[in-house]
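Visitor: I am new to this structure and would like a close look at a single part of it. Please start with one residue and how far it is covered, then go on to what lies around that region.

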Amino acid sequence: GPQLGVADGIALSHLLKKEKKLTLVFTGDGGTSEGDFHEALNVASVWNLPVIFLIENNGYGLSTPSSEQFNFESFVVKGPAYGIEAISIDGNNILEVIHETKRIAHKIRNNPQPIIVEARTFRMRGHEEASGTKYVPKELMEKWSKLDPIENYEQYLVTEKVLTQQEAIEIKK
C-alpha cells in the first residue's frame, strides 16, 4: 500500500515538468484496505495526476478472503467514488493486459489523469513462501489452475504457429 503515495509524487513531478510520462503502480486487493490507497486515489483525482493504479484482485488479502475485506465484487466501483475512470481486465490474459495498459498509457500521456485498472487473477501460491495455501478451498484452486496465464499463452503461441510444441518443451527444460 505505501508505494501508491510515492507513485503520486512521481506523477506530480512528470506533470510539473510537462513531461508526457505516467506512473504505473501495483497493489493487491488487500493493499486497498489501507488508508494509503484512498489517500493516493483522492490526491491523484484532485490533481489529475498521470497514474495507472493497477490492482491485482486475486480474491485474498494475504489469507483473508475478499468477501471479508470489502463489500463489492469489483474495484471498478471505486472509480466513480473518486471521480476517475476504472476498468476491469482479465489479469490472466497477458495480451489483454498489454493491450489495455498500452491503450491507457497513451490516453494518460495525452490527457493526464489517474485510472484504476483491476486485473482479475488468482495467486496459486501463498502470499509469501511461509504461508502456503491451506486456507484456499480446493475447488477454487482447481478452477484457477485451468486459467494459468503461462500455459494459456503458450497454447496461444502454439495455435498461432509462433511456437511449436517441441520448442515449448525445450524452453521448459
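Guide: Val76 is partly exposed, with a relative accessible area of 29%; buried means under 20%, exposed over 50%, and partly exposed in between, using a 1.4 Å probe and protein chains only. The model is predicted, so local features need pLDDT of at least 70 and side-chain atom pairs count only at pLDDT 80 or more, while totals for chains, interfaces and linings use all residues. Residues are numbered from 1 along each chain as its sequence is written, and side-chain values use heavy atoms, with hydrogens and water left out.

Val76 sits in the loop between strand S4 (64-65) and helix H3 (78-82). Helices (H or I, at least four residues) and strands (E, at least two) are DSSP runs, numbered from the N terminus. Apart from neighbours within four places in sequence, Val76 is in contact (heavy atoms within 4.5 Å) with Ala86, Ile87 and Ser88. Phe53 is 23 residues from Val76 along the chain, and their C-alpha atoms are separated by 11 Å.

Phe53 leads to the nonpolar core. The largest such core has 18 residues, and Leu4, Val25, Leu41, Val51, Phe53 and Ile116 have the most contacts inside it. A nonpolar core is a set of buried Ala, Val, Leu, Ile, Met, Phe, Trp, Tyr and Cys residues joined through side-chain atoms within 4.5 Å. At least two residues of this core come from each of helix H1 (3-16), helix H2 (35-47) and strand S2 (51-57). H2 gives the most, with four residues. Another core, of twelve residues, lies apart from this one and includes Leu22, Ile52, Leu54 and Ile87; Ile87 is also one of the contacts of Val76. In soluble globular proteins, nonpolar side chains tend to be buried together.

Val25, in the largest core, touches Gln3, Leu4, Ala7, Val51, Ile52, Phe53 and Leu54, not counting residues up to four places away in sequence.

Leu4 and Ala7 bring us to H1, whose buried residues are Leu4, Ala7, Asp8, Ala11 and His14. These residues are on the same side of H1 because they cover an arc of only 120 degrees around the axis, taken from the directions from the helix axis to the C-beta atoms. On the other side of H1, Val6 and Leu16 are exposed. Strand S1 (23-28), H2 and S2 are among what covers the buried residues of H1.
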